[in-house]
Amino acid sequence: MYSDFLMALSRGHSDMRTVVLQPDRSTGDRLYGDLHQALDGSGVWRLRQTLSLTTSAEIIQLAVRACGALTLMRDVLIEDPDVRSDAYLRARADLWRENAHLREAMRKDLGMDGPPDPDVGQYRYPATS
């Protein structure tokens, strides 16, 4: 379940990037719809609900925060569909930070020992936005 949820977060991000990186990308209401469809099509919402039935309150809270960061990214891309903009880069950093916290908690819940996830260290700090 954990890996499915993390992959859905990644897919939502990737699919939204694909929408805005298309040379003939849509605009206005069509862009709004395409970005919503990209995020909804990732399965993240269904899997988030499943997590709420199968895991601890801590992981549910972290999953909600990661979904919030992904939703904020979608809204940033609706407003300014530029993956090089400062707003997008801040939203991406926030998503990666929330994802890192979630992965770390999931690893702990699964009893993983050894060194921490190497990607987590650089995202342990509070948001900059």
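The crossing of helices α2 and α4 is right-handed, meaning that the near helix is turned clockwise from the far one by less than a right angle. The contact (heavy atoms within 4.5 Å) is made by Leu31, Tyr32, Leu35, His36 and Leu39 of α2 and Leu70, Thr71, Arg74, Leu77 and Ile78 of α4. This is a predicted model, in which local features need pLDDT of at least 70, side-chain atom pairs count only at pLDDT 80 or more, and totals for chains, interfaces and linings use all residues. Residues are numbered from 1 along each chain as its sequence is written, and side-chain values use heavy atoms, with hydrogens and water left out.

**Packing of α2 and α4**
- The two helices, α2 and α4, pack at an angle of about 160°, with their axes 10 Å apart; axes are lines fitted to C-alpha atoms over the stretch in contact, and angles run from 0 to 180 degrees between N-to-C directions.
- α2 and α4 are therefore roughly antiparallel to each other (angles over 145 degrees).

**The two sides of α2**
- Buried residues of α2 (under 20% relative accessible area, 1.4 Å probe, protein chains only) are Leu31, Leu35, His36, Ala38 and Leu39.
- They cover an arc of only 160° around the axis, which places them on the same side of α2; the arc is that of the directions from the helix axis to the C-beta atoms.
- Asp29, Arg30 and Gln37 are exposed (over 50%) on the face of α2 turned away from its buried side.
- The cover over the buried residues of α2 includes α1 (2-21), α3 (44-54) and α4 (57-79).

**Glu98 in α5**
- Glu98 lies in helix α5 (residues 86-109) and is buried, with a relative accessible area of 4%.
- Apart from neighbours within four places in sequence, Glu98 is in contact with Arg65, Ala66 and Ala69.

How values were computed. Helices (H or I, at least four residues) and strands (E, at least two) are DSSP runs, numbered from the N terminus. Angles under 35 degrees count as roughly parallel, over 145 as roughly antiparallel, 65 to 115 as roughly perpendicular and the rest as oblique.
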